[in-house]
Amino acid sequence: MTVGKGSIVRRWLSRIPLDPYILALLATLVVATVLPARGRFADGASVATTLAIGLLFFLYGARISPGEAWAGARHWRLHALVLSSTFVLFPLLGLAARVLQPAVLTPELYQGLLFLCVVPSTVQSSIAFTSMAGGNVPAAIFSASFSNVAGVLLTPVLAGVVLAGTGAVSFSAGSVLEIVAQLLLPFAAGQALRPWLGGWMGRHKRVLTLVDRGSILLVVYTAFSAGVVSGVWQRTSPGRLLALLGVLAALLLVVLLATAGAARLLGFTRPDRITAIFCGSKKSMATGLPMAAVLFSPQTVGLVLLPLMLFHQLQLLVCAELARRWAAGGPAIREDAR
């Protein structure tokens with residue numbers, strides 16, 4: 001019996017975990033390219049984006065439960081490895097990629113790569129893949145949650161450090177106050193009000209997910225509209241974007257191998273190794289996109305967002321396949337010879 005090429009392609013495509021939200025983001029980019037916000041509409045969209053970012057970080061603060069995550073806190077070596085990968089290894093690799101500029105990456109794309117490297121880990125997908133592959137779920141909850149809490153403080157600081165020579169991010173009294181007002185205060189307010197809001201948020205997860213994602217789509221539309229109006233896309237060719245994909249794939253591979261090797265050297269059990277690999281190799285688009293809108297100028301933020309968006313889909317593709325294989329009994333990492 002002969003299987004047609006069409007059915008083979010359909011079967012292959014069905015295995016790709018293409019997040020519908022990624023399709024919504026791509027559609028938003030198309031709308032921003034064809035109908036960018038201009039004039040008074042752009043001013044209104046900017047104000048709405050500022051409010052949306054504050055709402056997002058308020059919801060992040062109210063959603064993260066330190067009490068629920070604390071069950072996995074005793075694995076301090078695992079959490080240290082995840083934090084080191086997220087906030088040390090990634091930034092060092094980003095700085096090492098400076099040699100690729102400008103021959104491979106444009107200045108804006110390299111700035112986006114550096115910003116990607118200081119963003120915290122994901123929460124939902126890290127926990128989901130860890131659970132699917134048979135990893136240590138309580139430890140994954142703690143590591144991913146703590147990474148996001150720490151990222152609210154560390155990401156702006158690290159962005160200022162690694163991007164110091166690019167001129168993309170500069171900290172003044174005004175910019176620090178803006179970060180505090182848009183990120184830290186809403187997050188702290190959400191944490192403080194969690195005892196009263198936790199139950200209500202648990203009953204309305206679907207609505208809150210729509211609010212989260214709709215807010216991020218607004219951030220992306222506003223950012224890319226500003227890029228279109230300023231002509232930033234005219235400085236980026238399809239060849240540069242393909243090169244960026246190759247760089248991101250190499251970055252993900254290096255981090256996966258590094259976290260796997262470090263977990264093996266530290267003598268972690270298989271469940272802990274799986275947790276370290278998944279939590280230490282991911283970057284959060286949900287947290288990173290609103291942060292970028294605060295840290296970067298409207299003229300440059302469009303292209304700065306691109307590496308994070310592409311890396312997000314790439315990590316989903318690779319980690320979903322790894323989780324599927326490990327759930328079927330494949331080795332998470334090379335086992336010791338004994």
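This is a short walk through one protein chain, from its overall build to its cores and two buried residues.

First, a caution. The model is predicted. Please keep that in mind throughout.

Let's start with the overall build. The protein chain has 14 helices and zero strands. Read along the sequence, the pattern is α-α-α-α-α-α-α-α-α-α-α-α-α-α. The chain has 338 residues, and 49% of them count as buried. Its accessible surface comes to about 15900 Å². Carbon and sulfur atoms account for 69% of that surface.

Now, how do the contacts run along the sequence? Take the contacts between residues at least 6 apart. Of these, 88% join residues at least 24 apart.

On to the interior. How many residues does the largest nonpolar core have? The number is 69. Leu113 and Phe115 have the most contacts inside it. Which helix gives the largest share of this core? That is helix 14, residues 301-327, with 14 residues.

Look at Leu113 up close. I leave aside its neighbours within four places in sequence. Leu113 is then in contact with Ala97, Leu105 and Pro307. Its other contacts are Val247, Leu248 and Leu251.

There is another core, apart from the largest one. This one has 12 residues. Among them are Leu78, Ala139, Ala140 and Cys279.

Next, Val152. You will find Val152 in helix 8, which covers residues 137-162. Is Val152 buried or exposed? Its relative accessibility is 5%, so Val152 counts as buried; the cut-off for buried is under 20%. What does Val152 touch, not counting residues up to four places away in sequence? The list is Phe57, Leu183, Leu184, Phe187 and Met291. Pick out Phe187 from that list. Val152 and Phe187 are 35 residues apart in sequence. In space, C-alpha to C-alpha, they are 8.2 Å apart.

Last, back to helix 14. Gln315 lies in this helix. Gln315 has a relative accessible area of 0%, so it is buried. What is Gln315 in contact with, leaving aside neighbours within four places in sequence? The contacts are Thr122, Leu252, Ser281, Lys282, Lys283 and Ala320.

To recap. We have 14 helices and zero strands. The largest nonpolar core has 69 residues, and another core of 12 residues lies apart from it. Val152 in helix 8 and Gln315 in helix 14 are worth finding on the screen. Both count as buried, Val152 at 5% and Gln315 at 0%.

Terms used: Residues numbered from 1 in each chain as written. Predicted model: local features only at pLDDT ≥ 70, side-chain atom pairs only at ≥ 80, totals over all residues. Heavy atoms only, no water. Core = buried A, V, L, I, M, F, W, Y, C linked by side-chain atoms within 4.5 Å. Buried < 20%, exposed > 50% of the residue type's maximum accessible area, 1.4 Å probe, protein only. Helix = DSSP H or I, 4+ residues; strand = E, 2+ residues; numbered from the N terminus. Contact = heavy atoms within 4.5 Å. Areas by Shrake-Rupley, 256 points an atom, 1.4 Å probe, with all protein chains shown as cover.
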